[in-house]
Protein chains: 2
Amino acid sequence: MTSSRLRRRKLSEPTIARLPVYQRIVEEWIGQERSRIDSAQLGELAGVTATTVRRDLAGLGTLGTRGAGYDVAILHTCIGEALGHDQHCDVVVIGMGNLGRALVNSSSFLTRGARLVGLYDADPLVVGTVIDGHLVRAIDEPMIAASVAVICVPASAAQAVADRCVGAGIHALLNFAPQVLAVPLGTAVHDVDLSIELQVLLYHLHNGTGPLGGGLLHALARADAPAHRTPPAETPWH
Amino acid sequence: MTSSRLRRRKLSEPTIARLPVYQRIVEEWIGQERSRIDSAQLGELAGVTATTVRRDLAGLGTLGTRGAGYDVAILHTCIGEALGHDQHCDVVVIGMGNLGRALVNSSSFLTRGARLVGLYDADPLVVGTVIDGHLVRAIDEPMIAASVAVICVPASAAQAVADRCVGAGIHALLNFAPQVLAVPLGTAVHDVDLSIELQVLLYHLHNGTGPLGGGLLHALARADAPAHRTPPAETPWH
DNA sequence: GGATGTGAAGTAGTTCACAGCC
DNA sequence: GGCTGTGAACTACTTCACATCC
């Protein structure tokens, strides 16, 4: 099908992390029935340079049209293919506290290539309830087959949960618990700490000069709000 | 205070993002009453090489003892100083849905350098309730003075909330809404997209080669990794 | 001996600048 | 004209290797 223009090159890690950002912007534009976008626009919205956008997208294949930018439908298809959105991975979420609920209820988290197949919790009051159409099972029930487990339990329970996942043949863990997990070789653990971004922001506040934004994911100031425009000269922080 | 050994060099962005990870590990060790750690141990727990640990820590000053590693108390003090934990920034959290509650209830998010000064929500049923000791105010009340706003509202409300924050003089936004925010120059927006981590994991699953191993932190530079204060008493790290 | 701290080398990522095509 | 795609230059970060100090 669409793959004629696709190039299957190895993508760099930063590029992979930016693709979902581009995808989200492209979906916004599709929702607004805008049909084309150029690298400068996409870069501004994503908070990266136009060159970076072009370099990233060129890694997927020849998606653009010289002189005319990118067709958003083509972008959507090709980024989706690169991220594996045409396939589906089975995902279980373990721990239905506030964070687990937030992820399951989120419109953006478990869409696009991920299929939720099971929810688990330890609390007897929660087990048996239905969240977003999914029955919550007891943590000590046999675990459903899945490719990825999302761990949202308290730190003190995280290692035991990880052990159960590995025992159930799940070799990719997305760990939201602030806890070092010991897993056998061959199991991937991806840790997410929600406090890191705040810590980095605080560091830059205290030290005056952050690069405006400074992360991989930041929306740079948009030029269409000239009323508040501050000169880039001195201490734009605080 | 202890600053004699401190060096106030500009730290690289990846280093800044790793410091909270080191800090959390150090706090675990302090909780276990272990007094020294070496770069190899710290690196293994953090998921980075020993050399990277030494390079990062050397950027803070001469913290170690050749032949004997690092004193965890000194590490804790100096990393804390580098991250600005001795000062505090006032933070408001806007949007008390599951995600906002998860952040406020988290033991690791609003500690260390951040002081929660206000909660806001749009839902009349939530306004007036108390969450973790803090009264929830209506989103249209005048906003309390703060340095940082954490935005946890739905995407459709995020821009309006950002505008209110800017109007209230808040120039650092941590945005959890999957929405591009337009802000005037001089305001920093840090976007955190929880779905990105899962997307990256899925990409690696589909493409065979993912980074694997048991460390806390893998090579990804941003929006990644942990930091946290362990509960008192024992922590089962195997 | 043993582990830090660091110049030097290597690698990865970004930005420049422009050729190529619409 | 405008904008993409990409070699070349540049910058940033990591890793190597070892001198240095306890």
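**Close-up 1. The protein surface around DNA strand D.** In this predicted model, 26 residues surround DNA strand D, and the closest are A:S39, A:R55, B:R18, B:R55 and B:R66. Look at which parts of the DNA they reach: of the strand D atoms that come within 4 Å of the protein, sugar and phosphate account for 56%. Several elements each supply at least two residues of this surface: α3 (50-58), β2 (64-65) and β3 (69-71) from chain A, plus α1 (13-31) and α3 (50-58) from chain B. The one that gives the most is α3(B), with 4 residues. Sorted by class, the residues here are 5 nonpolar, 11 polar and 10 charged.

**Close-up 2. Three atom pairs at DNA strand D.** Zoom in on A:S39 and you'll find a polar side-chain atom 2.6 Å from a phosphate oxygen of strand D. Chain B has a phosphate partner here too: a polar side-chain atom of B:R18 sits 2.7 Å from a phosphate oxygen of the strand. With A:G67 the DNA partner is a base oxygen, which is 3.0 Å from a polar backbone atom of that glycine.

**Close-up 3. The protein surface around DNA strand C.** Now for the other strand: 26 residues lie around DNA strand C, and A:R18, A:R55, B:S39, B:R55 and B:Y70 come nearest. Sugar and phosphate make up 56% of the strand C atoms that come within 4 Å of the protein. Here α3(A) provides the largest share of the surface, 4 residues. The class count is 5 nonpolar, 11 polar and 10 charged.

**Close-up 4. Three atom pairs at DNA strand C.** Start with A:T49, where an N or O atom of the side chain is 3.1 Å from a phosphate oxygen of strand C. For A:R54, a side-chain N or O atom lies 3.4 Å from a base nitrogen. Over in chain B, B:G64 uses its backbone: a polar atom there is 3.0 Å from a phosphate oxygen. Zooming back out, the elements giving two or more residues to the surface near strand C are α1 and α3 of chain A, along with α3, β2 (64-65) and β3 (69-71) of chain B.

**Close-up 5. Two helices crossing in chain B.** Helix α2 (residues 39-46) of chain B packs against α3(B) at an angle of about 105°, with the axes 8 Å apart. That angle is why α2(B) counts as roughly perpendicular to α3(B). On the α2(B) side, B:S39, B:A40, B:L42 and B:G43 meet B:A50, B:V53, B:R54 and B:L57 of α3(B). The contact is built from 5 nonpolar, 2 polar and 1 charged residues.

**Close-up 6. A helix crossing in chain A.** Here helix α1 (residues 13-31) of chain A and α3(A) cross at roughly 100°, and their axes come within 10 Å. The two helices are therefore roughly perpendicular to each other. A:T15, A:R18 and A:Y22 from α1(A) meet A:T52, A:V53, A:D56 and A:L57 from α3(A). By class, that's 3 nonpolar, 2 polar and 2 charged residues.

**Close-up 7. A:H85 and its partner from chain B.** You'll spot A:H85 in the loop between α4 (72-82) and β4 (89-94) of chain A. Its relative accessibility is 16%, so A:H85 counts as buried. The side chain of A:H85 makes a polar contact with the side chain of B:Q199, at 2.8 Å. B:Q199 is among the buried residues of α7(B). In that helix (residues 194-206), 11 of the 13 residues are buried, so α7(B) is largely enclosed by the rest of the structure.

Definitions and conventions: Residues are numbered from 1 along each chain as its sequence is written. Chains are lettered from A and ligands numbered from 1 in the order in which they are written. This is a predicted model: local features need pLDDT of at least 70, side-chain atom pairs count only at pLDDT 80 or more; totals for chains, interfaces and linings use all residues. Side-chain values use heavy atoms; hydrogens and water are left out. A residue is near a molecule or strand if one of its heavy atoms lies within 4 Å of it. A polar contact is a pair of N or O atoms within 3.5 Å; within protein, one must be able to donate a hydrogen and the other to accept it, and residues adjacent in sequence count only if both atoms are side-chain atoms. Ala, Val, Leu, Ile, Met, Phe, Trp, Tyr, Cys and Pro count as nonpolar, Asp, Glu, Lys and Arg as charged, and the others, Gly among them, as polar. Axes are lines fitted to C-alpha atoms, for helices over the stretch in contact, and angles run from 0 to 180 degrees between N-to-C directions. Angles under 35 degrees count as roughly parallel, over 145 as roughly antiparallel, 65 to 115 as roughly perpendicular and the rest as oblique. Contact means heavy atoms within 4.5 Å. Buried means under 20% relative accessible area, exposed over 50%, partly exposed in between (1.4 Å probe, protein chains only).
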